[in-house]
Amino acid sequence: MAAAPRSGSSRGNSGKKGPLKGTGGLGRKALEGKGPTPKAEDRVYHKAHRTKQLSERSSAKNAGRSGGRNTRSRHADETVAGRNSVVEALRAAIPAKALHVATRIEMDERVREALKLAAERGVPVMENSKPELDRMTDDAVHQGLVLQVPPYEYADALTLARQTMEKWEKGYLTAPPLFIALDSITDPRNLGAIIRSASAFSAHGVVVPARRSAGVTATAWKTSAGAAVRVPVAQAGNLNTILQDFKKLGIFVLGLDGGGDQSLPGLPLATDPVCLVVGSEGKGLSRLVRENCDQIISIPIASDMESLNASMAVGISLYEIAVQRGGRRPGETVEGGPGGQS
């Protein structure tokens with residue numbers, strides 16, 4: 001006779017809950033949890049996550065804008081923003097590509113004059129939305145008026161010097177070649193004033209470094225009072241290399257700096273081909289540029305004055321060179337002539 005099954009030996013008909021076989025460790029892993037709680041900014045459903053995203057987008061946008069500013073004056077169109085600034089730029093005949101006007105702009109005398117000047121000069125007038133004008137001007141205060149200025153076309157410094165020297169050697173020029181080179185001049189107003197002085201004293205060109213230097217922007221155009229049209233501005237990849245090339249062409253390189261070995265009045269080299277090099281106010285000429293100069297010229301000034309503004313120093317020097325080349329100071333009369341002794 002078969003033995004009866006032992007009580008509890010089988011769960012098949014007992015009705016008790018529970019697995020019939022092992023879990024293989026899955027239950028233990030479930031008890032371990034999912035690790036530390038993520039930061040609020042890393043949880044996509046949290047408001048801190050949205051704040052982080054907006055902050056990252058703003059940083060990337062600002063970085064892109066700052067990178068654009070470094071090359072805008074050299075490689076891309078520049079913009080003049082604001083009603084007064086745009087009107088003054090149009091009055092100064094600054095080269096312009098287009099005049100951008102905000103949609104439904106509030107008209108006043110400045111807007112009317114800007115539209116009139118643009119029409120007289122044949123500058124295209126384009127209507128844009130405010131967000132588009134904000135983007136064009138990097139969120140500057142534009143007051144609904146933006147003038148688009150094309151990039152300045154720079155000459156090549158060495159080519160300009162060679163061509164000028166060839167003209168001088170062939171007798172096509174009435175005065176020896178005269179250039180002005182800028183060392184670490186970063187203010188476009190200084191550049192514009194130097195271009196204006198160069199035009200007044202018949203200089204043949206202005207040389208600016210391609211980096212860490214002011215370029216021919218709308219501000220420089222305005223300060224030059226239109227002289228930027230008459231005097232070519234050349235770019236040099238390396239100023240020291242260009243100065244060495246100038247010397248090989250027979251151009252004397254004269255640096256303007258305090259404590260020089262030659263005083264400006266009665267400058268012996270004034271009647272030769274000359275390149276004046278001027279540094280920034282305060283710092284003066286850099287060490288390498290100073291070493292590449294044939295002479296360092298100083299302007300006599302009162303002892304209580306530390307230095308002259310760069311554009312002022314260039315203007316004084318150009319005047320003295322013009323005096324030496326002309327044989328007499330402007331305004332002087334020859335003996336027996338009008339106003340002279342008989």
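**Talking through a predicted model**

Biologist: Where does Ile-180 sit in this chain, and is Ile-180 buried or exposed?
Modeller: Ile-180 has its place in strand β6. Keep in mind that this is a predicted model. The cut-off for buried is under 20% relative accessible area. Ile-180 comes out at 0%, so we call Ile-180 buried.

Biologist: Which residues is Ile-180 in contact with, leaving aside neighbours within four places in sequence?
Modeller: With those neighbours set aside, the list includes Ile-194, Ala-198 and Ala-203. Gly-205, Val-206 and Val-207 are on the list too. It is completed by Leu-276, Val-314 and Leu-318.

Biologist: How many Å separate the C-alpha atoms of Ile-180 and Gly-255?
Modeller: Along the chain, these two are 75 residues apart. In space, the gap between their C-alpha atoms is 9.9 Å.

Biologist: What is the strand order in the open sheet of eight strands?
Modeller: The pairing in this sheet is parallel. At the edges are β5 (155-156) and β10 (262-263), each pairing on one side only. Reading across, the order is β5-β8-β7-β6-β11-β9-β12-β10.

Biologist: Which residue in β12 stands opposite Ser-263?
Modeller: Strands β10 and β12 run parallel and are joined by two bridges. Opposite Ser-263, in β12, you'll find Ser-298.

Biologist: What angle does the direction of helix α9 make with that of β6?
Modeller: Helix α9, residues 239-248, packs on the sheet. There α9 touches β6, β7, β8, β9 and β11. Its direction and that of β6 make an angle of about 160°.

Biologist: What is the volume of the largest pocket, and which residues are closest to its centre?
Modeller: The largest pocket has a volume of about 360 Å³. It is lined by 21 residues, and those closest to its centre are Leu-256, Asp-257, Gly-258, Ser-307 and Leu-308.

Biologist: Which elements give two or more residues to the lining of the largest pocket?
Modeller: By class, that lining has eight nonpolar, nine polar and four charged residues. The elements giving two or more are β11 (274-279), β12 (295-298) and α11 (310-326).

Biologist: How many charged residues are in the lining of the second largest pocket?
Modeller: The second largest pocket holds about 260 Å³ of space. Among its lining residues are Asp-183, Arg-211 and Arg-212. By class, the lining has four nonpolar and five polar residues, and the charged ones number three.

Biologist: What percentage of the residues in the protein chain is buried?
Modeller: The chain has 11 helices and 12 strands. Out of its 342 residues, the buried share is 38%.

Notes
Residues are numbered from 1 along each chain as its sequence is written. This is a predicted model: local features need pLDDT of at least 70, side-chain atom pairs count only at pLDDT 80 or more; totals for chains, interfaces and linings use all residues. Side-chain values use heavy atoms; hydrogens and water are left out. On a 1 Å grid over the protein atoms alone, a cavity is a set of points where a 1.4 Å probe fits but cannot get out, and a pocket is an open set with protein on both sides within 12 Å along at least five of seven lines; lining residues have an atom within 4 Å of a point. Grid points are joined across faces, edges and corners, and a volume is the space filled by probe spheres set on the points. Helices (H or I, at least four residues) and strands (E, at least two) are DSSP runs, numbered from the N terminus. Ala, Val, Leu, Ile, Met, Phe, Trp, Tyr, Cys and Pro count as nonpolar, Asp, Glu, Lys and Arg as charged, and the others, Gly among them, as polar. Two strands pair if DSSP finds at least two bridges between them. Contact means heavy atoms within 4.5 Å. Axes are lines fitted to C-alpha atoms, for helices over the stretch in contact, and angles run from 0 to 180 degrees between N-to-C directions. Buried means under 20% relative accessible area, exposed over 50%, partly exposed in between (1.4 Å probe, protein chains only).
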